[in-house]
Amino acid sequence: MKRLGNLYDKIISMDNLRLADERARKGKTHSYGVRVHDKHAEADLLALHEALKAGTYKTSAYSIFTIYEPKERIIYRLPYFPDRIVHHAIMNILEPVWVSVFTADTYSCIKGRGIQAAADKVRKAIDRDKPGCAYCLKIDIRKFYPSIDHDVLKAIVRRKIKDTRLLKLLDEIIDSAEGLPIGNYLSQYLANLVLTYFDHWVKEVRRVKYYFRYADDIVVLHSSKKYLRESLAEFETYLTGLKLHVKNNKQIFPVAKDHKDRHGRGIDFLGFVFYHNETRLRKRIKQNLCRKVAKLRKRKKPLTNEEFKQRIASWWGWAKHSDSEYFINKLNSKIKPYEIKFKR
């Protein structure tokens, strides 16, 4: 594999820093960090350019907080200037480099892919080859982001990059927190990178046909339960070499025909539950949508129908790509004067 150099000067150029500033602020133009930066934006960017050129840039102190939905996680937040701008400046140049290394079977945080693209691929595989998708192996990594080993990650980064100044900068960012900090723009790409050569091994050495990965959630479909057991053992051995460990909730099970079939189970993945003959919404997604709708209906100042649709858009994205006609029709009967028109 060809290793790339001469990237650092592109990353620290003023044109790239201005582009990074423009991209980092999308949807955040009224945030405190952006407003403070905008008082002397050009001077800030020039100072950042000089710090990067001299090699004196250091990651700022993180502010750390905990979120509890959809599950409890510790979130790390960096100031807008200089850190978020630096991360975007790096990714402006490295995103196409790293995306070219990713297999077609990983979907998180990659433009043009994402949850729906992964769901469509799972659905297409099942519809095309039900016998070949008779059984499912489902695993995820224990404490994935916090448990990523820095030495392992740095070695993987060096498989594609040889620019010593860029490697020094990436090393400094990687070493700025334990594991990979959830919340960093750069972390989502580095997390994908940690598993990308595992993806290649699964597809090119193990020759697994139906393999899907979203972050650390992995689904494999096959006609043989024995094959999946053997695959699981080999997966665990490989991942141990990356100093990662599969959660104890690993599962191998027959895929059910539909939600009424008691001889198997649905594949709970990406907010959907996939069966051979239908795709349902995950129970928690439905519950959260119902809670959101109930909360919106109790507002003292009623929303317009368009405003209402905007507030539930993320849940609606799941619903319209699943077999949810009955659920949506039932919900419609309870949300007057609002209405959701179901159209798959």
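Hi everyone. Let me start with Arg-282, which is partly exposed, at a relative accessible area of 28%. One thing to keep in mind throughout: this is a predicted model.

So who does Arg-282 pair with? Its partner is Asp-268, and the two side chains form a salt bridge with 2.6 Å from N to O. That contact ties together distant parts of the chain, with the residues 14 apart. Asp-268 belongs to strand S7, residues 267–269, while Arg-282 lies in the loop that runs between strand S9 (279–281) and helix H12 (283–297). Asp-268 counts as partly exposed too, with 31% relative accessibility.

Now to another pair, Glu-278 and Arg-280. These two also make a salt bridge, and here the closest N and O atoms are 3.5 Å apart. Is Glu-278 buried or exposed? Glu-278 is buried, with a relative accessible area of 11%, whereas Arg-280 is partly exposed at 27%. Elsewhere, salt bridges with shared partners connect Asp-15, Arg-18 and Glu-42 in one network.

A third pair for you: Lys-130 with Asp-127. Their closest N and O atoms are 4.0 Å apart, and the pair counts as a salt bridge because the cut-off is within 4 Å. Lys-130 has 28% relative accessibility, so it is classed as partly exposed. Asp-127 gets that label as well, at 46%. If you want the overall tally, the model has 18 salt bridges.

Let's move on to charges without such partners. Which residues make up the positive surface patch? They are Lys-121, Lys-124, Arg-128 and Lys-209. One of them, Lys-124, sits in helix H6, which covers residues 114–128.

Last topic, the cysteines. How many disulfides does the model have? The count is zero. Take Cys-136 and ask why its sulfur makes no bond to the closest cysteine sulfur. That closest sulfur is in Cys-133, and at 9.3 Å it is too far away for a bond; a disulfide would need the two sulfurs within 2.5 Å. As for surroundings, Cys-136 is buried, with a relative accessible area of 0%. Cys-290, on the other hand, is partly exposed at 31%.

To recap: Arg-282 and Asp-268 bridge distant parts of the chain, Glu-278 pairs with Arg-280 while being buried itself, and the disulfide count stays at zero. Thanks for listening, and I'm happy to chat afterwards!

Key:
Residues numbered from 1 in each chain as written. Predicted model: local features only at pLDDT ≥ 70, side-chain atom pairs only at ≥ 80, totals over all residues. Heavy atoms only, no water. Patch = residues over 30% accessible without salt bridge, like charges linked within 9 Å, V, L, I, M, F, W, Y side chains within 5 Å. Areas by Shrake-Rupley, 256 points an atom, 1.4 Å probe, with all protein chains shown as cover. Lys, Arg positive; Asp, Glu negative; His and termini not counted. Charge placed at Lys NZ, Arg CZ, Asp CG, Glu CD. Helix = DSSP H or I, 4+ residues; strand = E, 2+ residues; numbered from the N terminus. Buried < 20%, exposed > 50% of the residue type's maximum accessible area, 1.4 Å probe, protein only.
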